[in-house]
Amino acid sequence: MNPAAVTVHLLLTAGITMFCMEPILLLISLLCAVVFFVMRNGGREVGFHIAAIGIPVLFAFINPLWNQHGTTVLFFINQRAYTAEALFYGVVAGVRLAAVIYWFRCFSDLMTSEKLFYLFRHLSPKLALIFSMSIRNLTLLRQQMRKIRLSQRAIGLYREGHLIDDIRAELRIFSILVTWALENGILTANSMSARGYGIGKRSSFTYFRWHTGDIVLLAATVFLAATVIAGIAAGVMDWQYYPVCEPAARRLPYYGVLAASGLLAALPLIHEGKEKWTWKRLRLEI
């Protein structure tokens, strides 16, 4: 699909998730983001799932330690009250952060360097190049760190089970990785200079045209996002966490905004599911 329509959808969905504290809306956003990520990547990235899903647990444990607001005291730690309201607020904040991380991870998986350059080529070609290279280097650095760690283990310099040796090994790996990144940056700059980058107007390898599906996605995204933002601005989704938890008024506008946000977050799932079903149907007809 057209990168502009996909970018508008993902950024609006992540932005609404980022600036809202309604628990049900955040939970729906997180579930849709997780399902979409799994649909595209399968059973891989188990470590990423564990780290992201562990964020609400971490926030639930940490937030009540310095936030003593709330009236329902569960227990005391060093004469500091551990309240249920602070615990619940930490869980909601953790769910929000995990959902945002998943949406931006989906964005980084979908938006290749060519798509990013297509988006920003009129605004600033140099900015588009820097942004696309930054996204690409995240994957390269992760792959290179894995290679360095495996090579260190192979020559016997990475001994597990000992805290001091683990710290030294990680520092050594970090030093090697930084050196490799600097050298790779110099080689990339020299290669671009030798190929004449910046002399003339750069053309795009892929030209993305607008199709009916892109226009439908963009229109549905704008309409649903405007509905949700208007509801949030009007206070329809306001929750009170302190001193006691009071949910938003369960009226018709509340359910309307909740349905709009759920449909907005589910648009990628609908499209991905349709594509998978079409592919399976075409294979069965062969």
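1. Disulfides. In this predicted model, the count of disulfides comes to zero. The criterion at issue is a pair of cysteine sulfur atoms within 2.5 Å, and two cysteines illustrate how it fails to be met. For Cys106, the closest cysteine sulfur belongs to Cys32 and lies 11 Å away, which is too far for a bond. For Cys245, the closest cysteine sulfur is that of Cys20, at 15 Å, and this separation is likewise too far for a bond.

2. Surroundings of these two cysteines. Is Cys106 buried or exposed? Cys106 has a relative accessible area of 3% and is therefore buried. Cys245, by contrast, has a relative accessibility of 33% and so counts as partly exposed.

3. Ser29. This residue is placed in helix 2, which comprises residues 23-41. With a relative accessibility of 3%, Ser29 is counted as buried, because the limit for that class is under 20%. The side chain of Ser29 is joined to the side chain of Trp103 by a polar contact of 2.8 Å. Leaving aside residues up to four places away in sequence, Ser29 touches Thr17, Ala99, Trp103 and Ala265. Trp103 thus appears both among the residues touched by Ser29 and as the partner in the polar contact.

4. Salt bridges in general. How many salt bridges does a search of the whole structure find? The search returns five. Side chains of opposite charge can pair when their charged atoms come close. Three of these pairs are discussed in the points that follow, namely Arg105 with Asp109, Lys274 with Glu275, and Arg281 with Glu285.

5. Arg105 and Asp109. The side chains of these residues meet in a salt bridge with an N to O distance of 3.7 Å. Why are they separated by about one helical turn? Both belong to helix 4, residues 84-110, and Arg105 and Asp109 are four residues apart there, which means a separation of about one turn of the helix. The partners fall into two accessibility classes: Arg105 is buried, at a relative accessible area of 15%, whereas Asp109 is partly exposed, at 30%.

6. Lys274 and Glu275. A salt bridge joins the side chains of Lys274 and Glu275, with 2.9 Å from N to O. Lys274 has a relative accessible area of 44% and is partly exposed. Glu275 is also counted as partly exposed, at 38% relative accessibility.

7. Arg281 and Glu285. In this salt bridge, the closest N and O atoms of Glu285 and Arg281 are 3.4 Å apart. Glu285 is exposed, its relative accessible area being 56%, while Arg281, at 32%, is partly exposed. The exposed status of Glu285 follows because the class requires over 50%.

8. Nonpolar surface patch. Which residues form a nonpolar patch on the surface? The patch consists of Phe61, Leu65, Trp66, Leu74, Phe75 and Ile77, and together these have about 600 Å² of accessible area. Two elements each give two or more residues to the patch: helix 3 (46-66) and strand 1 (73-77). Within the patch, Trp66 lies in helix 3. The relative accessible area of Trp66 is 61%, so this residue is exposed.

Methods:
Residues are numbered from 1 along each chain as its sequence is written. This is a predicted model: local features need pLDDT of at least 70, side-chain atom pairs count only at pLDDT 80 or more; totals for chains, interfaces and linings use all residues. Side-chain values use heavy atoms; hydrogens and water are left out. Buried means under 20% relative accessible area, exposed over 50%, partly exposed in between (1.4 Å probe, protein chains only). A polar contact is a pair of N or O atoms within 3.5 Å; within protein, one must be able to donate a hydrogen and the other to accept it, and residues adjacent in sequence count only if both atoms are side-chain atoms. Contact means heavy atoms within 4.5 Å. Patches are made of residues with over 30% relative accessible area and no salt bridge: like charges are joined within 9 Å, nonpolar side chains (Val, Leu, Ile, Met, Phe, Trp, Tyr) within 5 Å. Accessible areas come from the Shrake-Rupley method with a 1.4 Å probe; for residues, only the protein chains shown count as cover. A salt bridge is a side-chain nitrogen of Lys or Arg within 4 Å of a carboxyl oxygen of Asp or Glu.
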